[in-house]
Amino acid sequence: MTETLTPDICVIGGGSGGLSVAAAAAAFGVATVLIEEHKMGGDCLNTGCVPSKALLAAAKRAALMQNSSAFGVTAQTVAVDFAKVHAHVQGVIATIAPVDSVERFVGLGVRVIQGHAEFKDGRMVVVGDIEIRARRFVIATGSTPAVPPIPGLDQGPYLTNETIFNLTALPKHLIVIGAGPIGVELAQAFRRFGSEVTVCEAAQPLAKDDPECAAIVLDQLEREGVAMRGGVNVVRVDYASGGVKVTIEASGEQETIEGTHLLVATGRKATTGGLNLEAAGIAYDRSGIVVNQQLKTANKRVYAIGDAAAGQLQLTHAANYHAGLVIRNALFRQPVRVNNDVIPWVTYTEPELAQTGLSEAEARKRGVKIRILRWPFHDNDRAQAERETHGHIKVITKTNGKIIGATIVGAQAGELITAWTLAIAQGLNIRAMTSIVVPYPTLSEIGKRAAIDFFTAGLTTPWVRRIIAWLRIFG
Ligand SMILES: Cc1cc2nc3c(=O)[nH]c(=O)nc-3n(C[C@H](O)[C@H](O)[C@H](O)COP(=O)(O)OP(=O)(O)OC[C@H]3O[C@@H](n4cnc5c(N)ncnc54)[C@H](O)[C@@H]3O)c2cc1C
């Protein structure tokens, strides 16, 4: 070995989670080593959140230009130059990249090593001829696309999130296997650019979301022309010159769909391979590295965070949240406990679909006695002005009014959900949401309206009805 390093913290993986740990540790003046074998910024910057949201933003422009006649605004022709869409997506990545760059982290005082890390034993990681003996290690190695063993799939060129953002020409017919958030977002984007899109899903599309709210998103996709095939098994894939044939089966009947491109979006597999976890006494299984409530692995010197940690939400802000917990625990010895109930998630389709806290189904599964409050976007003046009346808010409270969950489907749902995440994290009662002053006209008013319903639903005497009417006008 040519060099031995002895930092306080050694982080493996320079994606969302790892960079957050390294930046915070360095800010507290702690000696930190960060190891990244591929691109700084990881999945989110290079092949995940950033390119997908940039692509969706371009697709939204295309849809707006085609669908603005109700506002009295019409475009003569709408042309999509997909090579320029690709340049836009890559341009957004390039603009954000310096924040995650080696140069920035070196400037923060982090020793950045570019190479593949693996454990030598329970106290040491090696990268080439450098060995690192740290007080604490943080595994933040992320995930890769989980590719199902479908006969024929590996015999030809299928796309994943790692390759689809490299396309410079628009697919004529994109077949998507998998209708989770990634598959559904990309399906809407490509459809809006003009591709024919077929989505095949073995289970219910958007199965992790509230079915009532997910149905509104799926309905919109179908209206836009995405062919949604839920409850079908993909039994075989054949590649022919210039195209792909996907054979699906439902109720014993087989059907073959012909497309030009195939996207596999069937979930994520935690990156555990190549780390030599056994040598460090770190337990892992198919869902990732086994962690306790403090995100510690079976080796108490080692934490695992983000997509690599088993049983956690695979989201950038979850990885950032984990990073904060690790910093508090490792540097300040504070007791921490990961709480997935306060981590929201959003599917960035139009309409957006946002979830925070418990869904109705989860609350019922836990045996909580609940009240459900709803308010539709079409009863909101701003939504009418914007002609974005599709969707509603659904708030879940305990019978005493304590807010425990919210689902929003509609315009800006991803922005609107934050107030509810705060309410849940702070243990607020629904009364708090009735007493705040919300600017008019904003979509945020739907939350206050739903909250007022907690006190008014079921009250029917004339004077109460007058108070309700008053509250709805001035509340
Ligand atoms: C298409 C798509 C869209 C998404 N959209 C969103 C979204 O809108 N919002 C959201 O919150 N999340 C989104 N996600 C999820 C998000 O990208 C991930 O949850 C997040 O990137 C996880 O961060 P991480 O730090 O755990 O891993 P990553 O960001 O994947 O980083 C892991 C890093 O570790 C490195 N590494 C692995 N093994 C080693 C090793 N042995 N040595 C050295 N380096 C190693 C890898 O090269 C990688 O850079 C999306 C994902 C995809 C695929």
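**Close-up views of a predicted model**

Pro441 sits in the loop that joins helix H12 (430–435) to H13. The model is predicted.

**View 1. A cis peptide bond precedes Pro441.** The bond runs from Tyr440 to Pro441, and its omega is near -10 degrees. Helix H12 (430–435) lies on one side of this loop and H13 on the other. Most peptide bonds are trans.

**View 2. A second view shows the cis bond from Glu350 to Pro351.** Here omega is near 0 degrees. Pro351 belongs to the loop between strand E21 (345–347) and strand E22 (352–357).

**View 3. Thr456 is a buried residue of helix H13.** The helix covers residues 445–456. Thr456 counts as buried because its relative accessibility is 8%, below the 20% cut-off. Its side chain also makes a polar contact with the side chain of Asp453, at 3.3 Å.

**View 4. The ligand is held in a shell of 36 residues.** Among them, the closest are Gly17, Glu36, Lys53, Asp307 and Thr316. By class, the shell divides into 10 nonpolar, 19 polar and 7 charged residues. Several elements each supply at least two shell residues: helix H1 (16–27), strand E3 (32–36), helix H2 (42–47), helix H3 (49–66) and helix H8 (316–332). H2 gives the largest share, with 4 residues.

**View 5. Polar atoms of His116, Ala117 and His317 lie by the ligand.** An N or O atom in the side chain of His116 is 3.4 Å from a ligand nitrogen. For Ala117, the partner is a polar backbone atom, 3.0 Å from a nitrogen atom of the ligand. His317 places a polar side-chain atom 3.2 Å from an oxygen atom of the ligand. The ligand taken alone exposes 1000 Å², and the protein buries 93% of that area.

**View 6. Helix H1 has 12 residues.** From its first C-alpha to its last, H1 reaches 17 Å. That is close to the 16 Å expected at 1.5 Å a residue. H1 also supplies at least two residues of the ligand shell, and Gly17 is among the closest residues to the ligand. Just after the helix, Gly29 takes a positive phi of about 75 degrees.

**View 7. The buried residues of H1 pack against several elements.** Ser16, Gly17, Gly18, Leu19, Val21, Ala22, Ala25 and Ala26 are buried. In an α-helix, residues three or four places apart point the same way, because there are 3.6 residues a turn. The packing partners are strand E2 (9–12), E3, H2, helix H5 (102–107), strand E8 (136–139) and H8. E3, H2 and H8 also each supply at least two residues of the shell around the ligand.

**View 8. Arg333 has a positive phi.** The angle is near 55 degrees, in a residue other than glycine. Most residues other than glycine have a negative phi. Arg333 lies in the loop between H8 and E21. Arg333 counts as exposed because its relative accessibility is 64%, above the 50% cut-off.

**View 9. Arg387 also has a positive phi without being a glycine.** Its phi is about 55 degrees. The residue sits in the loop that runs between helix H10 (381–386) and strand E24 (392–398). With a relative accessible area of 53%, Arg387 is exposed.

Key:
Residues are numbered from 1 along each chain as its sequence is written. This is a predicted model: local features need pLDDT of at least 70, side-chain atom pairs count only at pLDDT 80 or more; totals for chains, interfaces and linings use all residues. Side-chain values use heavy atoms; hydrogens and water are left out. A residue is near a molecule or strand if one of its heavy atoms lies within 4 Å of it. A polar contact is a pair of N or O atoms within 3.5 Å; within protein, one must be able to donate a hydrogen and the other to accept it, and residues adjacent in sequence count only if both atoms are side-chain atoms. Accessible areas come from the Shrake-Rupley method with a 1.4 Å probe; for residues, only the protein chains shown count as cover. Ala, Val, Leu, Ile, Met, Phe, Trp, Tyr, Cys and Pro count as nonpolar, Asp, Glu, Lys and Arg as charged, and the others, Gly among them, as polar. The expected span of a helix is 1.5 Å times one less than its number of residues. Buried means under 20% relative accessible area, exposed over 50%, partly exposed in between (1.4 Å probe, protein chains only). Contact means heavy atoms within 4.5 Å.
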